[in-house]
Structures are given as structure tokens and as C-alpha cells.
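Here are some worked exercises for you to try with the model open beside you. Take each task first, then follow the solution step by step.

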Amino acid sequence: MDAQHIVVIGAGIVGASIAFRVASRGARVTVIDKDQPGFGASSHSFAWINAGAKEPVGYHNLNRRSLEMWPRFADALAEDVGLRWGGKVAWEAEPEAAKALVARVEQLQSWGYPSRLVSREELQDLEPALNIGVVAAADYNENEGQVEPQLVVDACVNRLRELEASVMSGVQVLGLRQDTHNRITSVQTTAGDIDADIVVVAAGTATTAVAGMAGVYVPQAESPGVVIRTTPMPSLLRNVPVVYAPPLEDGRREIHLRHCPDGRLMIGEGDQESLAEDDTQAHADDLLARACQHLPGLKGASAVPVPVGWRPMPLDGYPVMGFAPEAPNLYVALTHSGVTLAPALSQLAALEICDGARADAVLGPYRPERFAGMTPEAASQMEHPRARHR
Ligand SMILES: Cc1cc2nc3c(=O)[nH]c(=O)nc-3n(C[C@H](O)[C@H](O)[C@H](O)COP(=O)(O)OP(=O)(O)OC[C@H]3O[C@@H](n4cnc5c(N)ncnc54)[C@H](O)[C@@H]3O)c2cc1C
């Protein structure tokens, strides 16, 4: 029997990872991206691999499982994808915020997660270059890390080509042809029609529109975010690549920064789901100036603004993974935290696509069915997922 032809729409970190996994399993794969692979949300990501900021416990465990899968996944990609460990530190200066941080650490510890409170001295010892100021409470999640999404996507594409998969960039999907049982028979693109046995929709923020071409409703919330970069700097952080520092003035948000393996720093403000659209040079300069107050060694760096990034954000904030009842050979793969979750979600998707398995024990809460019958009007009434994540 001929291998099934799997067409993956979207070559961000999620689609590229799924394509790599299914091609490794012997399937015939075509990946289609309207742009260059990795140029969507994946190129704007802070790319912090974590489970400490995730709840409830089931979603936390999924993120933790994926975090722990990263080393093997990176090995399988057989290139340096910038995977580095060392953890994350955060501290709070105000009593109310400190109370919340302590409660969070206690909750994570009750889930068996290696998060712990550290003293000001230990924090300073971990990172001597930090200007820490007042510490009402501080934590250290020693198991968290970072990766470079573009390198991950590039490695997936390289392995896909070796596996004789077809990777089509600059080709846009325009429609999905269906038979009388609503099964997709071919994908209509700017480069012509492509026959398909199974179609994976991993089109990021465009997943709603692309799945909608087959009558599948996958609602999303709008979630713009801005993370700037700096020019490369010599190593400033000794142990911990991801730092969350409290605001130094009333009305400001916390600053988070990450030291990338190529020497550049990424700087954002607020928590991981904070909405932000100011991608001007002035805002980038302001973020850098605030980061300098916490990490004085940054003086001399220049701020490089990055255009606003739109997070793929399922309406309730949780992944949407699985075959859609309305189009039984269409597999939806939409998630926030796709950098953390790529190893686990791509492995589970490959099991379901290649083996016909149903990984319900893990993916049960994240099926597309939960939105069946929802209208865009009802969706617009729902609380923004930002309110449920930290
Ligand atoms: C500011 C910011 C900070 C973040 N921080 C973190 C973090 O610290 N940790 C973490 O785990 N996650 C983080 N995320 C989330 C993470 O980056 C995303 O979940 C992940 O990149 C999503 O990958 P994706 O492949 O689903 O989407 P994308 O990377 O957007 O890929 C989708 C692809 O589909 C293609 N496409 C769309 N429509 C079509 C069409 N019609 N035809 C063909 N191709 C199409 C696009 O060109 C694109 O390349 C952050 C995101 C942002 C924006």
C-alpha cells in the first residue's frame, strides 16, 4: 500500500515539528507555508521553555512532559537548535506581589515541580551581575530553559528534505476541497491543487480561517505581544538565562529578559501573555533602559525593535489538538506556548495521525469538539485567556 500523503499547512515550530515526526514515521509529507518557514509567531517568541507559569495541574503536567522531552527532540533534529538550560529566577519587591509569588511556589512544589524560594544572597550569588534592589520574595525554577525557534524550524526543514518530504514556501492555501462525507480530498493553493489523505492545519493565528475553509470553527483570542532584542553582548548572566525583575516605578510592569546563545538579549514586559502593540524604537529604547537598571552590564547595548508578534491563542487559552468531527481527515494543531509544547504535541499528533491512536488520556481536554456549535458571537463574549495564565 502507498504511504499516506499528509499535507501540513503552516511551517512554524508546531507544523514543522509535526511534519518532521510524521515524515520520520514513513509518511509522505508536503509542508506548505505562505511565507518562509518560521517567520510567523515562532520568530517573535520569547522562547522560554517552562511549565512553572502553567495551570491547572493537567496543563502544567503537559508542559512539564514536553519540557522534559526537549533534549531528545533536539537530538533527533541533529543540529544545534540553541537549547540551553539553567532555569529562571524572579523576584518581587512589593509585599502583595511577594505573597502571590510564595503561593505560586508552594503550589508548584505540591505538584512536585522543582521551584523553590531563594534568599537575596542566593539570588545575587547565582547572578552577580544583577542589580537586585529590594527583595520581598524570590524564586528559582532550576529546570527551565530556552531554545531558538528559527533554528528548530530550520532543522526540521533540513531533516524533512533528507526524508524526501516536499517543503513549499511562499505558497498560500486558498481553499480545501471536500467530498460528500466532508473528507478533504485536496488543498487548493497558489501553486495549484495538492491531493491529500490527511491535512494538518498548523497555521498559527490563521488556523481559524484555514480550518474554517472546511467548516471547522476554531475560535481564537487576539493576543499581540512585543519582545525586543539587543545587539550582541558578552556573557552577562552566569547561570540563569531567564530573569523576571519587578517594576521599579508605580504603574510599570515587570521586565523579563533572556540571554540568547548568540549574545543578543530579548526583553519584554509584563507576564508571558501581556498584550502589547508598541513596536516603536522609542518603546524598545525604554525597555532596554529599564532592563539596564536591573542588569547594568547592558549599558552599551543598542535596542533593536521587533515588529509586534501575534500569538496563536485558542479562545480558552489551551491547545486545540485532534481530528475535527466536521471534516474527519482534518487535524487541528493550534496552541499557545508552542515552543515549550512542540516536542510533546508533535509526538502525540504523530501517534494519532500515523497509528490511528487516540491519546485521550493526555489530549482529551484539548479536542476541537469543545468549540462545536459555538458561534463567533458567543466566542466574543468569553473572558480573555490572559486572565487565566500567568
Ligand atoms: C511575543 C511572544 C512571546 C512568546 N513567548 C513564548 C515563550 O516564552 N514560551 C513559549 O513556549 N511560547 C511562547 N510564545 C508562543 C509561541 O511562540 C507560539 O505558540 C508558537 O511560535 C506557535 O507556533 P505555530 O507553528 O503554531 O505558529 P506560527 O509560527 O505562526 O506558524 C504558522 C505558520 O502558518 C503559515 N500560514 C498561515 N496561513 C497560511 C496559509 N493560508 N497558507 C500557508 N501557510 C499559512 C504562516 O506563514 C506561519 O509560518 C510566544 C509568542 C509570542 C508572539
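**Exercise 1.** Decide whether Arg104 counts as buried or exposed, and find its salt-bridge partner.

*Solution.* Step 1: the relative accessibility of Arg104 is 15%. Step 2: buried means under 20% relative accessible area, exposed over 50%, and partly exposed in between (1.4 Å probe, protein chains only), so Arg104 counts as buried. Step 3: a salt bridge needs a side-chain nitrogen of Lys or Arg within 4 Å of a carboxyl oxygen of Asp or Glu. Arg104 forms one with Glu55, with the closest N and O atoms 3.0 Å apart. Step 4: the pair links distant parts of the chain, 49 residues apart, with Arg104 in helix H3 (residues 95–110) and Glu55 in the loop between strand S3 (48–49) and H2. Helices (H or I, at least four residues) and strands (E, at least two) are DSSP runs, numbered from the N terminus. Step 5: Glu55 has 31% relative accessibility, so this partner counts as partly exposed.

Before going on, a note on the source: this is a predicted model, where local features need pLDDT of at least 70, side-chain atom pairs count only at pLDDT 80 or more, and totals for chains, interfaces and linings use all residues. Residues are numbered from 1 along each chain as its sequence is written, and side-chain values use heavy atoms, leaving out hydrogens and water.

**Exercise 2.** Describe the peptide bond from Glu55 to Pro56.

*Solution.* Step 1: omega for this bond is near 0°, and the bond is cis. Step 2: Pro56 sits in the loop between S3 and H2. Step 3: for background, most peptide bonds are trans.

**Exercise 3.** Compare the salt bridges Glu148–Arg258 and Asp360–Arg358.

*Solution.* Step 1: the closest N and O atoms of Glu148 and Arg258 are 3.0 Å apart. This pair joins distant parts of the chain, 110 residues apart: Glu148 is in the loop between strand S8 (145–146) and H5, and Arg258 is in strand S17 (residues 255–259). Both residues are buried. Step 2: for Asp360 and Arg358, the closest N and O atoms are 3.1 Å apart. Asp360 is partly exposed at 34% relative accessibility, while Arg358 is exposed at 54%. Step 3: to place these pairs in context, the total is 20 salt bridges, and Arg253, Glu269, Asp286 and Arg290 are linked in a network of them.

**Exercise 4.** Which elements give two or more residues to the largest nonpolar core?

*Solution.* Step 1: a nonpolar core is a set of buried Ala, Val, Leu, Ile, Met, Phe, Trp, Tyr and Cys residues joined through side-chain atoms within 4.5 Å. Step 2: the largest has 57 residues, and Ile6, Val29, Trp70, Val152, Val200 and Ile353 have the most contacts inside it. Step 3: the contributing elements are strands S1 (5–9), S2 (28–33), S13 (198–201) and S22 (327–334), together with helices H1 (13–24), H2 (57–77), H5 (149–162) and H8 (338–355). Step 4: H8 gives the largest share, nine residues.

**Exercise 5.** What is the sign of phi at Ala78 and Asn182?

*Solution.* Step 1: Ala78 has a positive phi of about 60°, and Asn182 has a positive phi near 70°. Step 2: Ala78 lies in the loop between H2 and strand S4 (84–85) and is exposed, at 56%. Asn182 is in the loop between strand S10 (173–178) and strand S11 (184–189) and is partly exposed, at 38%.
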